[in-house]
Amino acid sequence: MTNRTYSPFDHLIEHLDQALHTVFGPAPRPSRANRAKDKDDAGLTAQERELAGRLMRINHAGEICAQALYQGQAVTAKLPEVRGKMEQAAQEENDHLAWTETRIRELGTHVSFLNPLWYAGSFAVGALAGMAGDKWSLGFVAETEKQVVKHLSRHLQRLPSGDHQSRAILEQMREDEGRHATVAIEAGAASLPEPIKQLMQLTSKVMTRTAHWI
Ligand SMILES: [Fe+2]
Ligand SMILES: [Fe+2]
C-alpha cells in the first residue's frame, strides 16, 4: 500500500468541502443525546414561537461562526497538541450546530441567509488568530467562549418561559462553552488586549442583530 502525500491544493479542496458542508448542511449527526427530546413546548403561542425561532437562529449562526473559527485556527495553529484540542472542541460544537438546526426547523423558521458571510469572516479571523501563535489563538478561544456564555445567559432570560426544548439546548450549550473556555485557559491562553475584546463584542453584536431578522 502506498502512502499518499497531500498537496496544498488537496488541503484547499478539503477545507472548501468542509466549509460547504458546514454552511449548507445538514449538520453532522450529534454525538450526544439532545436534552430537548424529553421536554415540551406545548403552551407556546404563535408569537412566542416566532421569538424563540429568531433567538435560535442567532444561536445557530453563532455555531456556524464557532465551526469556522475552529476550522480556521486548525489550519494555522502551530503546536499539534493545540491543534488537536481545537479539533476536539470543534467536534463538540457539532452537537450545538445540529441541535440548534433541528430546533429552528421545529419552530418553523429558517437558518440565517447570511451564514456563508458569517462563516467566511469567522474562518479568516480564526486563521489570523492561529497565525499569531498558540497562546493568542487559545486566548481568542477563551475570550470567545466567555462572551458566548454571557450571551447564552441573556438569551435564556429572553426565551419564552414555556419553551422548555430551546431552554434545554441552550443550557447544555452554556455548560459546554464554559468548559471550552476553561480548557483553553488551562492550555496556556493569553489574556487578549482590551480593544480586541471590545472589537469582538461589537462584531458579535452586528451578527446577532442581523441574524435576528435574516
Ligand atoms: Fe457552541
Ligand atoms: Fe465552544
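Reader: Is Arg32 buried, exposed or partly exposed, and at what relative accessibility?
Author: In this predicted model, the class follows from the cut-offs. Buried means under 20% relative accessible area and exposed means over 50%, with partly exposed in between. Arg32 therefore counts as partly exposed, at 28% relative accessibility.

Reader: Which residue forms a salt bridge with Arg32, with the closest N and O atoms 2.6 Å apart?
Author: The pair ties together parts that are 63 residues apart in sequence. Arg32 lies in the loop between helix 1 and helix 2, and its partner lies in helix 3. That partner is buried, with a relative accessible area of 1%. The residue is Asp95.

Reader: Which residues are linked with Arg32 and Asp95 in a network of salt bridges?
Author: One further pair is Glu92 and Arg179, with the closest N and O atoms 3.7 Å apart. Glu92 lies in helix 3 and Arg179 in helix 6, so this pair ties together parts that are 87 residues apart in sequence. Along with Arg32 and Asp95, the network links Glu92, Asp176 and Arg179.

Reader: How many residues apart are Arg35 and Glu175?
Author: Arg35 forms a salt bridge with Glu175, the closest N and O atoms being 3.1 Å apart. Arg35 is in the loop between helix 1 and helix 2, and Glu175 is in helix 6. The pair links distant parts of the chain, 140 residues apart.

Reader: How many salt bridges does a search of the whole structure find?
Author: Asp95 with Arg32 is one of them. Arg35 with Glu175 is another. The search of the whole structure finds twelve.

Reader: Which residues coordinate the iron ion (ligand 1)?
Author: The donor residues are spaced E-x29-E-x2-H-x80-E in sequence. Two of them, Glu93 and His96, are three residues apart in helix 3, so they are separated by about one helical turn. Donor distances run from 1.9 to 2.3 Å. The coordinating residues are Glu63, through two OE contacts, Glu93, His96 and Glu177.

Reader: Which residues coordinate the iron ion (ligand 2)?
Author: Here the spacing of donor residues is E-x51-E-x31-E-x2-H. Glu93 lies in helix 3 and Glu177 in helix 6, so the pair ties together parts that are 84 residues apart in sequence. Glu93 is buried, and so is Glu177. At 1.9 to 2.6 Å, the donors come from Glu93, Glu145 (two OE entries), Glu177 and His180.

Reader: How far apart are the iron ion (ligand 1) and the iron ion (ligand 2)?
Author: Glu93 coordinates both ions. The separation between the two is 4.0 Å.

Reader: Which helix gives the most to the largest nonpolar core?
Author: The core has 16 residues, and Met56, Leu107, Leu159, Ile169, Leu170 and Met173 touch the most other members. Helix 2, helix 3, helix 5 and helix 6 are the elements that give two or more residues. With four residues, the most is given by helix 6.

Reader: Which residues does Ile169 touch, not counting those up to four places away in sequence?
Author: Ile169 is among the core members that touch the most others. Its contacts are Asn34, Ala36, Met56, Trp99, Thr100 and Arg103.

Reader: Which residues form a nonpolar patch on the surface with about 320 Å² of accessible area together?
Author: One member lies in helix 1, residues 8-24. That residue is exposed, with a relative accessible area of 54%. The patch is formed by Phe9, Leu12 and Ile13.

Notes. Residues numbered from 1 in each chain as written. Chains lettered and ligands numbered in written order. Predicted model: local features only at pLDDT ≥ 70, side-chain atom pairs only at ≥ 80, totals over all residues. Heavy atoms only, no water. Patch = residues over 30% accessible without salt bridge, like charges linked within 9 Å, V, L, I, M, F, W, Y side chains within 5 Å. Areas by Shrake-Rupley, 256 points an atom, 1.4 Å probe, with all protein chains shown as cover. Salt bridge = Lys/Arg side-chain N within 4 Å of Asp/Glu carboxyl O. Buried < 20%, exposed > 50% of the residue type's maximum accessible area, 1.4 Å probe, protein only. Core = buried A, V, L, I, M, F, W, Y, C linked by side-chain atoms within 4.5 Å. Contact = heavy atoms within 4.5 Å. Donors = N, O, S within 2.8 Å, 3.2 Å for Na, K, Ca; no water.
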